[in-house]
Amino acid sequence: MSEQIKIDSGLKTYDVVNKDGKLLCQITFNPTDTGIAKRYEEVKRRLFVLKNGSGRKSKKKSIVEQLNELDAIVYEQVDYLLDAKVSESIFSIAGPFSPLPSGKFFFESVLAGISQIIQEESKVNTAKIEEKINKYTNKYHN
């Protein structure tokens with residue numbers, strides 16, 4: 001048996017709950033991955049194009065076939081965003097293009113929740129880093 005190197009990967013597990021707090025699924029990803037902000041902007045841009053119907057539509061394919069293709073793109077983009085296979089869990093709750101009472105699609109609600117987590121975790125970690133830096137640099141500022 002080989003030796004092990006144990007690292008903190010930054011992975012966190014989040015409960016996905018409905019508005020009543022009922023657990024729907026769990027997802028695990030690293031909310032402070034330095035590439036996640038870039039991927040978020042890419043995914044947001046790609047899915048905006050889909051949402052607004054700018055994608056090519058085929059008259060030879062049924063609505064169901066077209067929706068399945070769009071769903072697959074959303075699954076791929078969410079997995080890419082989080083660098084983790086989470087789309088099957090999340091979209092087992094509802095399909096990406098399921099309309100919500102708010103007038104948004106389900107995938108938009110998912111992205112909003114992910115964005116909030118990324119922002120909150122980044123603030124916390126940035127504050128911790130600043131505190132650590134200040135500990136070592138305060139003596140030079142006084």
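# Exercises on a predicted model

At a relative accessibility of 31%, isoleucine 93 counts as partly exposed. The model used in these exercises is predicted.

**Exercise 1. Place isoleucine 93 in the fold and list its contacts beyond the sequence neighbourhood.**

Step 1. Isoleucine 93 sits in the loop between H3 and H4.

Step 2. The class follows from the cut-offs: buried means under 20% and exposed over 50%, with partly exposed in between, so the 31% of isoleucine 93 falls in the partly exposed class.

Step 3. With neighbours within four places in sequence set aside, isoleucine 93 is in contact with Val16, Leu24, Cys25 and Phe106.

Step 4. For phenylalanine 106, the separation along the chain is 13 residues, and the C-alpha atoms of the pair are 9.3 Å apart.

**Exercise 2. Do the same for phenylalanine 105, and give its C-alpha distance to glycine 35.**

Step 1. The loop between helix H3 (87-90) and H4 also holds phenylalanine 105.

Step 2. Its relative accessible area is 25%, so phenylalanine 105 is partly exposed.

Step 3. Outside the window of four places in sequence, phenylalanine 105 contacts Lys51, Pro96, Phe97, Ser98 and Leu100.

Step 4. Glycine 35 is 70 residues away from phenylalanine 105 in sequence, and their C-alpha atoms are 25 Å apart.

**Exercise 3. Determine how H1 is oriented against H2 and which residues make the contact.**

Step 1. The two axes approach within 9 Å and cross at roughly 170°.

Step 2. Angles over 145 degrees count as roughly antiparallel, so H1 is roughly antiparallel to H2.

Step 3. H1 contributes Ile36, Arg39, Tyr40, Glu42, Val43, Arg46, Leu47 and Leu50 to the contact, while H2 contributes Leu70, Ile73, Val74, Gln77, Tyr80, Leu81 and Leu82.

Step 4. By type, the residues of the H1 contact with H2 are 11 nonpolar, one polar and three charged.

**Exercise 4. Repeat the analysis for H1 and H4, adding the handedness.**

Step 1. The axes of helix H1 (residues 36-51) and helix H4 (residues 106-141) come within 12 Å, at a crossing angle of roughly 165°.

Step 2. H1 is therefore roughly antiparallel to H4.

Step 3. The crossing of H1 and H4 is left-handed.

Step 4. On H1 the contact residues are Ile36, Tyr40, Val43, Leu47 and Lys51; on H4 they are Phe107, Glu108, Leu111, Ser115 and Ile118.

Step 5. The residues of this contact of H1 with H4 comprise seven nonpolar, one polar and two charged.

**Exercise 5. Is arginine 39 buried or exposed, and what does it touch?**

Step 1. Arginine 39 belongs to helix H1.

Step 2. With a relative accessible area of 11%, arginine 39 is buried.

Step 3. Not counting residues up to four places away in sequence, arginine 39 touches Asp33, Tyr80, Leu81, Leu82 and Asp83.

Step 4. One of these partners, aspartate 83, lies in the loop between H2 and H3. Aspartate 83 is exposed, at 61% relative accessibility.

Step 5. The phi of aspartate 83 is positive, near 50°. Most residues other than glycine have a negative phi.

**Exercise 6. Which members of the largest nonpolar core touch the most other members, and which elements supply it?**

Step 1. The core has 25 residues, and those touching the most other members are Ile27, Phe29, Val74, Leu81, Leu82, Ile90 and Phe91.

Step 2. At least two residues each come from strand S2 (23-29), H1, helix H2 (63-82) and H4.

Step 3. H4 gives the most, with seven residues.

Step 4. Isoleucine 27, leaving aside neighbours within four places in sequence, contacts Lys12, Thr13, Tyr14, Val16, Leu82, Val86 and Ile90.

Methods. Residues are numbered from 1 along each chain as its sequence is written. This is a predicted model: local features need pLDDT of at least 70, side-chain atom pairs count only at pLDDT 80 or more; totals for chains, interfaces and linings use all residues. Side-chain values use heavy atoms; hydrogens and water are left out. Axes are lines fitted to C-alpha atoms, for helices over the stretch in contact, and angles run from 0 to 180 degrees between N-to-C directions. Helices (H or I, at least four residues) and strands (E, at least two) are DSSP runs, numbered from the N terminus. Angles under 35 degrees count as roughly parallel, over 145 as roughly antiparallel, 65 to 115 as roughly perpendicular and the rest as oblique. A crossing is left-handed if the near helix is turned anticlockwise from the far one by less than a right angle, and right-handed if clockwise. Contact means heavy atoms within 4.5 Å. Ala, Val, Leu, Ile, Met, Phe, Trp, Tyr, Cys and Pro count as nonpolar, Asp, Glu, Lys and Arg as charged, and the others, Gly among them, as polar. A nonpolar core is a set of buried Ala, Val, Leu, Ile, Met, Phe, Trp, Tyr and Cys residues joined through side-chain atoms within 4.5 Å. Buried means under 20% relative accessible area, exposed over 50%, partly exposed in between (1.4 Å probe, protein chains only).
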